Structures are given as structure tokens and as C-alpha cells.
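Dear colleague,

I am handing over the structure we spoke about, and it is placed just below so that you can have it open while you read. My notes on what was found in it follow after that.

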Amino acid sequence: MRNQEKPSPPPTLKHLNRFIVQLQRLEKQPFRFGAAGPLTPGEIHTIDAIGLEGGVLMSELANRLAVTKGAVTQMILRLEDKRLVGRTPNPDDSRSTLVSLTELGKEAYHTHEAMHQAFIRDLSSQLDEREIEIFDQCLEKLCRHLMAE
């Protein structure tokens, strides 16, 4: 019998695999967000989900992040310890709690937004309009595919 090698995936799938590995690496690595200091991706994504709008119900925050209320509670406790969020009773329903960003939390939020904008500017400077359009369409399809799983 001949020794048959497994065919290598098309180059685009190789790049997709490298992209996924990079994302996984980034999801574990804390980044510094101004005076708020180093935050994990989960922490900054929670801050982003709370946003600048003011009080968000813990249950709404769990929905936005697609996690359990218990997971949100644990994350909010960590963010409270870092003085990035505050909790207040809901004036309309004493059984629920509202979460808001502190001034330090708002600084982390703005720093995160600025990082995103800088990343987009940098990436966009390396692509022409057609490449950006194709890239955006591919990301849309990838997101749809991942949501279906």
C-alpha cells in the first residue's frame, strides 16, 4: 500500500485556523485599559455590554452577554472590587438590581472603544474599498454560521 498523505487544507482554511488560534490567545490575555489597569477580555466585554446608558438590569446584562445570571453576578463582583461598576436597587422593582459604570469604568469603556477604532483604522489602511467590502461580507457569513451552530 502506498503511504497516502492527508491533503492539506486550502490556504484560506489554513488562515482561518490561524485566525481562530489568534482569537483564542487574545481571549486569555489581559490588556491595560487606562487607569482601570489590566482587564481580561470577559471583564472589558462586560463593561462594554453595560455601556454608558446608565443602569442596566442584571438579567438584561446576562441576556446581552449570553451567560447565566450567576456568571454575571460573579463578574460584577470582580468589577466592583476593581471600582469599575456599581450596583443600585431598581427603583421600579426592589427584587432587581441595576448596574452602572463608575467614572473609572467609563474610562475603561472609552479606552476600549479607542482601541477598537485604532484597530479598524489600521486594518482599513491595509485594504482597498473592495477588499473591505468582501471582508465584511465574509465576516457576516462567518458570524451567521457560528450562530447556527
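**Salt bridges, a helix, cysteines and a pocket**

Arg130 is partly exposed, with a relative accessible area of 47%. Please keep in mind that this is a predicted model, and that the values in this email are computed from it. Arg130 forms a salt bridge with Glu133, in which the closest N and O atoms are 2.8 Å apart, and Glu133 is likewise partly exposed, at a relative accessible area of 41%. Both residues belong to helix α6, where they sit three residues apart, or about one turn of the helix. As a general point, an α-helix has 3.6 residues a turn, so residues three or four places apart point the same way.

The count for the whole structure comes to nine salt bridges, and two others deserve a description here. Glu43 forms a salt bridge with Arg78, with 3.4 Å between the closest N and O atoms; this pair links distant parts of the chain, since Glu43 is in helix α2 and Arg78 in helix α4 (residues 69-81), 35 residues apart. Glu43 counts as buried, at 3% relative accessibility, whereas Arg78 counts as partly exposed, at 40%. Glu43 and Arg78 are also linked with Lys82 in a network of salt bridges.

Glu53 forms a salt bridge with Arg64, and here the closest N and O atoms are 3.0 Å apart. This pair, too, links distant parts of the chain, with Glu53 in the loop between α2 and β3 (56-57) and Arg64 in helix α3 (residues 58-65), 11 residues apart. Glu53 is exposed, with a relative accessible area of 56%, while Arg64 is partly exposed, at 35%.

Helix α2 itself is worth a look in the viewer. Seven of its 10 residues are buried, so α2 is largely enclosed by the rest of the structure; the buried residues are Pro41, Glu43, Ile44, Thr46, Ile47, Ala49 and Ile50. Thr46 has a relative accessible area of 4%, and, leaving aside its neighbours within four places in sequence, it is in contact with Leu61, Leu65, Met75, Ile76 and Leu79. Just after α2, Gly51 takes a positive phi of about 70°.

You may want to know about the cysteines: how many disulfides does a search of the whole structure find? The search finds zero. The sulfur of Cys138 has its closest cysteine sulfur in Cys143, 11 Å away, which is too far for a bond because a disulfide would need the two sulfur atoms within 2.5 Å. Cys138 counts as partly exposed, at 46% relative accessibility, and Cys143 also counts as partly exposed, at 46%.

Lastly, the largest pocket has a volume of about 1,500 Å³. It is lined by 33 residues, of which Phe19, Leu23, Leu26, Phe119 and Phe135 are the closest to its centre. Helices α1 (11-28), α2 (41-50), α5 (103-125) and α6 (129-148) each supply at least two residues of this lining, and the largest share, 11 residues, comes from α1. By class, the lining has 21 nonpolar, nine polar and three charged residues.

With best wishes

Methods: Residues are numbered from 1 along each chain as its sequence is written. This is a predicted model: local features need pLDDT of at least 70, side-chain atom pairs count only at pLDDT 80 or more; totals for chains, interfaces and linings use all residues. Side-chain values use heavy atoms; hydrogens and water are left out. On a 1 Å grid over the protein atoms alone, a cavity is a set of points where a 1.4 Å probe fits but cannot get out, and a pocket is an open set with protein on both sides within 12 Å along at least five of seven lines; lining residues have an atom within 4 Å of a point. Grid points are joined across faces, edges and corners, and a volume is the space filled by probe spheres set on the points. Helices (H or I, at least four residues) and strands (E, at least two) are DSSP runs, numbered from the N terminus. Ala, Val, Leu, Ile, Met, Phe, Trp, Tyr, Cys and Pro count as nonpolar, Asp, Glu, Lys and Arg as charged, and the others, Gly among them, as polar. Buried means under 20% relative accessible area, exposed over 50%, partly exposed in between (1.4 Å probe, protein chains only). Contact means heavy atoms within 4.5 Å. A salt bridge is a side-chain nitrogen of Lys or Arg within 4 Å of a carboxyl oxygen of Asp or Glu.
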